[in-house]
Every structure is written in C-alpha cells, then in structure tokens.
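Please take a moment to look over the structure shown below, and then follow the account of how some of its helices pack together.

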Amino acid sequence: CYILDSLTYFVSSSIMLTCVSGNFRSQYKEEEDTTIDSEDLSSTTNSKSTIGQICCFFSCSGICDLYKYLVSSGCGMLVFFKATESLIWGPGDIIGIEIATVRNADGSENEEASSYRMGLYYCWMGFGVFMGPFLANLVSDATKPVTLQLSCCVAIFVTMQGWLASYYAPDFNWFLVAQFCCGIGFGTLRSYSSLLLQLLIDDGFLGRVFSVEYFFYVLAETFSSSVTGPLYDAGYSPKQLCLLGAALAFATLLFWTSYHFCGMGAARPEFNDACHPKKSKVFVNDSVDDFSKEATTQLRSSADDDKSVGSRTYSRRAGSKEATTQ
C-alpha cells in the first residue's frame with residue numbers, strides 16, 4: 001500500500017509539473033489600475049507584493065483579517081464541514097481491522113483469511129467513497145450551493161445509518177454492505193465540503209481558508225481516534241464502537257441540519273444568486289495594499305526618470321554628432 005501510494009503521488013506530481021501550466025496564485029484585487037508597461041518592472045512589483053502578502057499572513061493583523069473575514073462572510077462555519085467527516089470516521093479503522101480479523105481455534109490469528117477480509121473491507125469502503133459524489137450529483141446543482149449543503153447533511157444521515165447497520169450486521173458480509181453506506185456518506189461529505197468553500201470563499205482568502213479547513217480536519221480525526229483507541233483497550237467491543245460512530249453522526253447531524261434550515265451558510269439567498277457567485281466581503285490588509293501601491297508608484301517614477309535620462313543622453317549624443325559633422 002505504501003509503494004502504491006508513493007507511486008500515485010509521484011505520477012500526479014509529474015503530471016502537474018509537465019502538463020499543467022499557469023499562475024494559480026490568488027492575488028488581491030485593487031481598485032486602481034497600477035499596471036506598468038515594462039515586463040521587468042511588473043515582475044518586480046509582483047514579487048514585492050507577494051512578499052508583503054506572505055509577511056502579512058504570518059503577522060497578527062493577517063490572522064485578524066482572516067478571522068474577521070470568516071466571521072462576516074456568512075459561510076465561515078463551513079470550514080468545519082470536512083472536520084465533521086473525520087470526526088465520524090475516527091472509529092472506522094479500529095472497528096474494520098478488528099471485525100476483519102479471523103481467529104483460529106487456539107486464539108491465534110489466521111493471517112491469510114484476515115488479509116483477504118481486510119482487502120474486502122477496504123474495497124467496499126473505497127467503492128462507497130467513490131460512488132458517493134456521483135449519487136449526490138444526481139440531486140444537487142453546483143450553481144445552487146444550498147443543494148450542496150443539503151447534500152452534506154444527507155450524507156451525514158447516510159453515514160449514521162451505516163454505523164447503525166454495522167452494529168446490527170449479523171455477519172461480515174452485511175457489515176461490508178453497511179460500511180459501503182458509510183463510504184457513500186464519507187465521500188460525499190469530503191468532496192462537497194471543499195466544493196462549497198471553493199464556490200463561496202473569495203479568491204484572496206481561499207488558500208488560507210483551505211489551510212484552516214485542513215487543520216481542523218486533522219485535529220478532529222486525531223481527537224476521534226484518540227478517544228476510540230482507549231475505549232477499545234478498556235474492553236468495549238467493535239459493535240459498541242459502531243454505536244459511538246452513530247452517536248457522533250447524530251450529534252453533528254442535529255447541528256448541521258439546524259444550521260441549514262435556519263438559512264445559514266450556503267442556504268443564504270445571496271449565495272444562490274446566479275449573477276453573484278461570490279458575494280462575501282473581502283477584508284484586504286491595508287498594509288499590504290499600501291505597500292503594493294507604494295512599490296508600484298516608486299517603480300513608475302523610477303521608470304519615468306530612466307526615460308528622461310535616456311532622452312537627455314540621446315539629445316547630447318545627437319548634438320555632439322551634429323557638431324562633429326559641421
């Protein structure tokens with residue numbers, strides 16, 4: 001699995017390096033047109049502006065700007081959607097490994113049978129994750145983010161049903177079917193949570209918002225797994241841990257359905273206006289904006305000085321040439 005995972009990353013990075021081109025960096029939009037005709041001056045301005053934005057991001061003012069944006073944008077809570085998926089998924093690995101393990105009569109593990117059942121478990125789970133976004137796409141519309149948010153709520157409900165079905169599964173085959181349902185919910189929630197942010201968050205903050213989303217995603221998965229592991233060591237059975245997963249899904253379902261039907265997040269009317277796909281307000285750091293404008297002004301004045309010096313030099317050369325001719 002490690003070799004396959006490494007090869008996948010290597011192939012994807014090779015494709016991005018050789019086949020994908022363009023500038024994908026998010027830049028702030030300025031009201032004034034500060035473009036300069038010279039390519040060298042333009043590249044210098046972009047590099048200085050980028051350095052200023054990076055320094056601003058790691059400063060307290062940059063963090064405050066990001067916080068103010070998330071609070072006032074109307075969709076800041078959506079950064080916790082993907083963390084919800086990792087929170088519910090936390091018990092999954094421990095439960096799946098234990099149920100897939102086959103014991104001999106003397107209590108030792110049958111490695112061959114366990115490996116086979118483990119492969120089936122991840123196959124059914126992976127197929128569910130693969131099918132989730134396809135099934136949700138049949139009832140959702142990317143031009144109406146409210147349908148995507150509702151699909152995420154439905155995905156949490158499907159995941160809860162999958163955990164309950166895993167608890168009542170009479171044998172391993174029915175457990176695989178139940179985990180397939182969990183995979184549908186996990187895949188839909190994981191894909192659509194990122195899609196919602198991509199549709200609603202302004203470009204100037206999109207990268208930082210994704211980093212915050214991933215931070216809470218890892219934090220929630222760590223918390224869920226750190227709770228499930230000690231419970232299993234304390235003597236709780238995999239069936240009981242399935243109830244834990246269902247309880248986590250039920251708690252998050254109550255929160256997100258209330259959030260949705262109260263008209264918050266992607267359910268806000270302004271986010272579903274086709275003429276304005278991104279209505280949230282952008283808070284641009286004044287220091288970065290002033291730095292960029294100041295750098296542009298200085299470079300423009302420097303360019304004018306160079307032009308004037310060049311014209312005077314040309315005039316002196318022309319006068320000298322004319323005097324020599326006479």
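In this predicted model, helix α7 (residues 145-168) and helix α8 approach each other so that their axes come within 8 Å and cross at roughly 160°. Because angles over 145 degrees count as roughly antiparallel, α7 is roughly antiparallel to α8. The crossing in which α7 passes α8 is left-handed, and the residues of this contact comprise 20 nonpolar and nine polar ones, with no charged residues.

One residue of α8, the helix that spans residues 172-200, is Gln179, and it repays a closer look. Is Gln179 buried or exposed? With a relative accessibility of 1%, Gln179 counts as buried, because the limit for that class is under 20%. Apart from its neighbours within four places in sequence, Gln179 is in contact with Tyr121, Met125, Trp163 and Ser166, and with Ser166 there is also a polar contact between the two side chains, at 2.8 Å.

A second pair of helices can be read in the same manner. Helix α4 (residues 81-89) packs with helix α10 (residues 238-261) at an angle of about 160°, their axes lying 9 Å apart, which means that α4 is roughly antiparallel to α10. Here α4 passes α10 in a left-handed crossing. On the α4 side, Phe81, Thr84, Leu87 and Ile88 take part, and they meet Gly245, Leu248, Ala249, Thr252 and Trp256 of α10; by class, these residues are six nonpolar and three polar, and none is charged.

How values were computed:
Residues numbered from 1 in each chain as written. Predicted model: local features only at pLDDT ≥ 70, side-chain atom pairs only at ≥ 80, totals over all residues. Heavy atoms only, no water. Helix = DSSP H or I, 4+ residues; strand = E, 2+ residues; numbered from the N terminus. Buried < 20%, exposed > 50% of the residue type's maximum accessible area, 1.4 Å probe, protein only. Polar contact = N/O pair within 3.5 Å; in protein donor to acceptor, adjacent residues only side chain to side chain. Contact = heavy atoms within 4.5 Å. Axes fitted to C-alpha atoms, helices over the stretch in contact; angles between N-to-C directions. Parallel < 35°, antiparallel > 145°, perpendicular 65-115°, else oblique. Left-handed = near helix turned anticlockwise from the far one by under 90°. Nonpolar A, V, L, I, M, F, W, Y, C, P; charged D, E, K, R; others polar.
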